[in-house]
Amino acid sequence: MQSYTPPIDDYRFLLNDVLGFDQAMAELGKEVDADLAVAVLEEAGKVCAERLQPLNREGDEQGSRLVDGAVQTPDGFAQAYRDFAEGGWTSLSADPAHGGQGLPFVLQLWFDEMMSATNLSFGLFPGLSRGACEAIAAHASDELKATYLEPLVSGEWTGAMALTESGAGTDLALLKTRATPKGDGSYAVAGTKIFISSGDHDFGGNIVHLVLARLPDAPPGVKGISLFLVPKFLPDADGGFTVRNAMSVGSLEKKMGIHAQPTCVMHYDDATGWLVGEAHRGLAAMFTMMNAERLMVGIQGLGIAGGAYQQAVAYARDRLQGRSADGARGPVAIIEHADVRRMLLNVRAFVEAGRALAGWTALQLDRAKAHEDAGERGQADALVALLTPVIKAAFTDYGFECAVQAQQVFGGHGYIREWGMEQFVRDARIAQIYEGTNGVQAMDLVGRKLPMAGGAVVEGFFDGIAADVAAAGDRVIAVRTGEALALLREATASLRGAGVDATGAAAVDYLRLFALVAMGWMWTRMAVAAGSGETALHQGKLAVADYYARRVLPQASGLAASIAAGEGAIMALAAEAF
């Protein structure tokens, strides 16, 4: 495989020319400018290229193993994680009140992209810990915060979340894990959870599980779920954490991909835990963690696509096959063949627009947390909520599709392990499934997010796109994005007040239409920033923006037609089929 090249020039272009980073940071009172941000990303890129990518293939082939009830991660992972934590990379965007560096979240999200491009299995360890910190900081008691947040932020300890059971996946109302009060403020947690990423490892330190369970007096359904903090090690008499809790790894899941990541079946045998937040309000507390993880998972799709693209374009430049279009030369590099360029452009068109949209969303998250005006904070928070299911579902769908197209560039070599492309495909697949399947994300978008504030949030988002499109003039990308936006507005109006069958039939197509328009918006902004193409980078942006306008955005009309058919066509067909 080719060595990974961190996309630093792209990050610099987005920060300086597209996202208005310096102005955004000044508005939030943060003493961070684009030069510092790029310097941090450069160092983060070195970690990914020099430490994480070299472990990726061997980690996939070795996998994590269960030995005498304890997880052993692949060779090099434990030391790499300890070095990662010692370098301060676990605390990048964390709250300084808990030992974090407090850097803008856009740096964290783009770091996640690079980690996903080089070693998706590794990136889950710090990513899940970060989500655990979010939930604890937002909902736990002051005592739990004081005990657990700093070592989680520093990377001395890691986090995991335990939701799923064999009979309770998406429908958490069916979960059976129980928590019984012990009379001293703690609880005995009993049950079995499956699919627990980072449930155990050999990095050292504590592992803090956030476990959904029911109290004895819990009402039925999701309103009876509570959240508990259950650590692998409990405090001893001297204040250390050396007492083994009553929890164990029953087995490791044998998976299609992410082999290096220990996905555990966890047994809690009256393990000691503490309530996080209010009794019977655990799902709301857990969603604080899940929403953070859904953004991270979306970025996993983006990272996989970007990493696969780098390999595919390098191969296409080197591989000699066939003759030139005029028949005068041969063999030629396969990048000269139009169909190969089509596949590469499809991937690049998503990666660069996705990277920009992720950056814009991350800046909204910073506004939601740090803006001095409460109204601005609320508006930014609503935009993040609107875009979270879009980023999770669309980025992971496109990420998988792009991994397959990049593999296709290699022909038969893409199917062979030594080239690494089949690992990209296998690893990418899980992102469409975990943290809420993409169908669930689509239903969340149409059922919960579109109606927010009576529809004002989504209409405000559309108005922002329309303003940028109008300002871009008659550029092809702006014109086509405006046309697609009009179709999206019509589809949005048609879903208001529609029945469950109609929205269910249209949801997945609607989310993809939404993503196409959002990324067209980003390409419009990038094309405007590129101007007349003074540099090779700017010329490349303009070329791919034009490709997106002419070859990708036309998909919008087909999606809009499908949405308009809705219940009448799709659900009638389904009724006949079953």
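Reader: Is E459 buried, partly exposed or exposed, and which value decides the class?

Author: This is a predicted model. Buried means under 20% relative accessible area, and exposed means over 50%. E459 has 23% relative accessibility, so E459 counts as partly exposed.

Reader: Which residue forms a salt bridge with E459, and which parts does the pair tie together?

Author: The closest N and O atoms of the pair are 2.9 Å apart. E459 lies in helix α12, and its partner sits in the loop between α13 and α14, so the pair ties together parts that are 37 residues apart in sequence. The partner counts as partly exposed because its relative accessibility is 43%. The residue is R496.

Reader: Are R130 and D112 buried or exposed?

Author: Their side chains meet in a salt bridge, at 2.6 Å from N to O. The cut-off for buried is under 20%. R130 has 16% relative accessibility and so counts as buried. D112 has a relative accessible area of 3%, so D112 too is buried.

Reader: How many residues apart are R355 and D10?

Author: The side chains of R355 and D10 meet in a salt bridge, 2.6 Å from N to O. R355 is in helix α8 and D10 is in helix α1, so the pair links distant parts of the chain. Both residues are buried. They are 345 residues apart.

Reader: Which residues are linked with R355 and D10 in a network of salt bridges?

Author: Side chains of opposite charge can pair when their charged atoms come close. The structure holds 31 salt bridges. In the network, R355 and D10 are linked with E113, R348, E352 and K541.

Reader: K541 is in α15. What span should helix α15 have, and how far apart are its end C-alpha atoms?

Author: Helix α15 covers residues 536-552, which is 17 residues. At 1.5 Å a residue, the helix should span 24 Å. K541 is one of its buried residues, along with others including H538 and G540. The end C-alpha atoms agree with the expected span, at 23 Å apart.

Reader: Why is strand β3 largely enclosed by the rest of the structure?

Author: Both faces of β3 are covered. T158, A160 and A162 lie on one side, with G159 and M161 on the other. The strand is largely enclosed because the count of buried residues is five of the five.

Reader: Which residue of β6 is the bridge partner of T158?

Author: Strand β6 covers residues 207-213. Five bridges join β3 to β6, and the two strands run parallel. Within β6, the partner of T158 is I207.

Notes: Residues numbered from 1 in each chain as written. Predicted model: local features only at pLDDT ≥ 70, side-chain atom pairs only at ≥ 80, totals over all residues. Heavy atoms only, no water. Helix = DSSP H or I, 4+ residues; strand = E, 2+ residues; numbered from the N terminus. Expected span 1.5 Å × (residues − 1). Buried < 20%, exposed > 50% of the residue type's maximum accessible area, 1.4 Å probe, protein only. Pairing = 2+ DSSP bridges. Salt bridge = Lys/Arg side-chain N within 4 Å of Asp/Glu carboxyl O.
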